[in-house]
Structures are given as structure tokens and as C-alpha cells.
Amino acid sequence: MRRIGILLADLFDEREFLYPYYRVQEAGYTPLVIGPEAREYRAKSGLAWRAEVSAKEAPALEGLLIPGGFAPDYLRRSPEVLSLVRRVAEEGRPIGAICHAGWVLVSAGLVRGRRVTGFFSIRDDLENAGGLYREEGVVVDGNLVTAQGPQDLPGFMRAFLGLLQG
């Protein structure tokens, strides 16, 4: 089974979750929703979605997507989530982070010396962590794909799926 992990925590941006969720299915992958705990989480809009497994229990993944919203501020507080993100990075698998999800990359220690983008309000955080911020909708650096916001979802997913397909 070719699984793509999608991280979830309360106050996720439903657009940045749902669009990638269905795009990875269309591309022939199985989305696996992962949270700090295996439980239901609520989006900013109130949409509820269940994380199938906890980050600690997550199996091997082909890639990992991190939606934005306010969820990344909760995700980055979980040592198990950060460990999972680092593991996927160390395996050289694609990681996609959109909007505020760059916070998770910062806390996982993955941005130093890397070209990145994100929502304008986290630019200082990305730069202070050693990231090379680009004022672009989508930025690819090695196995890392970052994007500024929901308006960049089509390009973000094209880049992410492109990395998966080699």
C-alpha cells in the first residue's frame, strides 16, 4: 500500500486538508490521517475529521503533507509528531507544508539552509530558523515543498505529486 500521511490537529484549514486528501487518492495513493492522538479533530470551520492513527503509531509512508490553519501550532508541540516528520525527512521522502505548516518544519529542525515559503506572518520564524525565505506561491527544495496558502493548492499538489512520481 502506497500511503501518504496527512497531519491533523484542531483548527486545521479544511481547504488545505481536503484538497490534498482527494488529490493523493486521484494519484493512486492511500491517504492516512495522522494526529498527535488517534481521535477526532475540528477544522476552523467546524468540520470534524478523525485521525486514524497517532504519530507514534504511524507506519512507513511514501510522503507526508502538513495542512495549515492554526493546527501546526498544536502539531509542533507533540514530540511524536516532530519525530515522525524527521523520520520522513531522513528517509528522503517528500514533505509538503502549506501556509502555517512551516512552523512544524521549524520545530523539527528542517529549514536551515533550505529555500522555503509560507504564510507571510511566519516569514520571521522561517528566517530565524535559518530558512531562505522566498516570496513565491510554491517553493521546492529537494524533498521539501512549501506553499503560502490555499490559493497555491494546485501548484503545491502538482509539485508534491511530482516528487512522489520521481
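## A surface patch

At 33% relative accessibility, Leu11 counts as partly exposed. Leu11 sits in the loop that runs between strand E1 (3-7) and H1. On the surface, Leu11 joins Phe70 and Tyr74 in a nonpolar patch. Together the three residues have about 280 Å² of accessible area. The model described here is a predicted one.

## The sheet

How many strands form the open sheet? Seven do, and their order is E5-E2-E1-E6-E7-E11-E10. The pairing is mixed. E5 and E10 are the edge strands, and each pairs on one side only.

One pairing inside the sheet joins E7 to strand E11 (residues 144-147). These two strands run in the parallel sense, with four bridges between them. Ala97 stands opposite Thr146, which belongs to E11.

## The nonpolar core

The largest nonpolar core has 56 residues. Which element gives the most to this core? Helix H6 (residues 153-164) does, with seven residues.

Six residues have the most contacts inside the core: Leu7, Ile34, Ile66, Val85, Ile95 and Leu105. Take Ile66 as an example. Neighbours within four places in sequence are left aside here. Ile66 is then in contact with Leu7, Val85, Ile95 and Leu105, among others. Its partners also include Leu75, Gly96, Ala97, Ile98, Ala101 and Val104. Ala97 thus has two places in this account: it is in contact with Ile66, and it stands opposite Thr146.

## Salt bridges across the chain

The whole structure holds 13 salt bridges. One of them joins Glu62 and Arg93, with the closest N and O atoms 3.6 Å apart. What does this pair tie together? Glu62 lies in the loop between strand E5 (53-54) and strand E6 (63-66). Arg93 lies in the loop between helix H3 (79-90) and strand E7 (95-98). The pair therefore ties together parts that are 31 residues apart in sequence. Glu62 is partly exposed, at 28% relative accessibility. Arg93 is partly exposed too, with a relative accessible area of 31%.

Arg115 and Asp141 form another salt bridge, and here the closest N and O atoms are 3.6 Å apart. This pair links distant parts of the chain, 26 residues apart. Arg115 is in strand E8 (residues 115-116), while Asp141 is in strand E10 (residues 138-141). Is Asp141 buried or exposed? Asp141 is buried, with a relative accessible area of 12%. That value falls under the 20% limit for buried residues. Arg115, at 35% relative accessibility, counts as partly exposed.

Some salt bridges share partners. Asp10, Glu37 and Arg39 are joined in this way into one network.

## A salt bridge within a helix

The side chains of Glu26 and Arg23 also meet in a salt bridge, at 3.0 Å from N to O. Where do these two residues lie? Both are in helix H1 (residues 14-26). They are three residues apart, about one turn of the helix.

Glu26 is exposed, with a relative accessible area of 60%. Arg23 is partly exposed, with a relative accessible area of 22%.

Key
Residues numbered from 1 in each chain as written. Predicted model: local features only at pLDDT ≥ 70, side-chain atom pairs only at ≥ 80, totals over all residues. Heavy atoms only, no water. Salt bridge = Lys/Arg side-chain N within 4 Å of Asp/Glu carboxyl O. Buried < 20%, exposed > 50% of the residue type's maximum accessible area, 1.4 Å probe, protein only. Core = buried A, V, L, I, M, F, W, Y, C linked by side-chain atoms within 4.5 Å. Contact = heavy atoms within 4.5 Å. Patch = residues over 30% accessible without salt bridge, like charges linked within 9 Å, V, L, I, M, F, W, Y side chains within 5 Å. Areas by Shrake-Rupley, 256 points an atom, 1.4 Å probe, with all protein chains shown as cover. Pairing = 2+ DSSP bridges.
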